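Student: I've got a structure open and I'd like to talk it through with you. Can we go feature by feature?

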Amino acid sequence: ASGRYELTTVVPGIYPGRTEHIHLKVQAPNGEVITSQLFFPGVTQNDEDGIYDPSLLLVIQETSDGLLGQYNFVVPAQ
């Protein structure tokens, strides 16, 4: 109801030609589907990735449970 979602995963590995990233799709109710990816800060390969976008960097915090990454999407409602 608040529009918040949580994803639990492991930090992905690097594969040839790409930097570490997570693919995702977000959508407001009855809205357009937005397909994107989120990137991890401090990864050397970020600047070498042809579609890296620094505006899509996760904010990473260390917690007692491990690392917590956060990104806020703003999607238009229909």
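Student: What is the volume of the largest pocket?

Tutor: Keep in mind that we're looking at a predicted model here. Its largest pocket is lined by 33 residues, and Tyr5, Glu6, Leu7, Gly69 and Tyr71 are the ones closest to the centre. As for the volume of that pocket, the computed figure is about 1,300 Å³.

Student: Which element gives the largest share of the lining of the largest pocket?

Tutor: Start with the elements that give two or more residues to that lining: S1, S3 and strand S4 (66-70). The largest share is 5 residues, and the element supplying it is S4.

Student: By class, how many residues in that lining are nonpolar?

Tutor: Split the lining of the largest pocket by class and you get 4 charged and 10 polar residues. The nonpolar count is 19.

Student: Which residue forms a salt bridge with arginine 18?

Tutor: Searching the whole structure turns up 1 salt bridge. Arginine 18 sits in the segment before strand S1 (21-26), and its partner lies 31 residues away in the loop between strand S2 (34-39) and strand S3 (59-63), so to speak a link between distant parts of the chain. The closest N and O atoms are 2.6 Å apart, and the partner is aspartate 49.

Student: Is aspartate 49 buried or exposed?

Tutor: The cut-off for buried is under 20% relative accessible area. Arginine 18 falls in that class, and aspartate 49 does too: buried.

Student: Where is asparagine 30 found, the one with a positive phi?

Tutor: Asparagine 30 is not a glycine, yet its phi is about 60°. Its relative accessible area is 74%, and because exposed means over 50%, asparagine 30 counts as exposed. Its place in the chain is the loop between S1 and S2.

Student: How many strands does the protein have?

Tutor: Reading from the N terminus, the elements run β-β-β-β. There are 0 helices, and the strands number 4.

Student: What percentage of the residues in the protein is buried?

Tutor: For the overall picture, the C-alpha atoms fill a box of roughly 40 × 35 × 20 Å along the principal axes. The protein exposes about 6,200 Å², with carbon and sulfur atoms supplying 52% of that area. Of the 78 residues, the buried part is 24%.

Student: And what share of contacts joins residues at least 24 apart?

Tutor: The pool to look at is contacts between residues at least 6 apart in sequence. Within that pool, the share joining residues at least 24 apart is 25%.

Technical notes:
Residues are numbered from 1 along each chain as its sequence is written. This is a predicted model: local features need pLDDT of at least 70, side-chain atom pairs count only at pLDDT 80 or more; totals for chains, interfaces and linings use all residues. Side-chain values use heavy atoms; hydrogens and water are left out. A salt bridge is a side-chain nitrogen of Lys or Arg within 4 Å of a carboxyl oxygen of Asp or Glu. Buried means under 20% relative accessible area, exposed over 50%, partly exposed in between (1.4 Å probe, protein chains only). On a 1 Å grid over the protein atoms alone, a cavity is a set of points where a 1.4 Å probe fits but cannot get out, and a pocket is an open set with protein on both sides within 12 Å along at least five of seven lines; lining residues have an atom within 4 Å of a point. Grid points are joined across faces, edges and corners, and a volume is the space filled by probe spheres set on the points. Ala, Val, Leu, Ile, Met, Phe, Trp, Tyr, Cys and Pro count as nonpolar, Asp, Glu, Lys and Arg as charged, and the others, Gly among them, as polar. Contact means heavy atoms within 4.5 Å. Accessible areas come from the Shrake-Rupley method with a 1.4 Å probe; for residues, only the protein chains shown count as cover.
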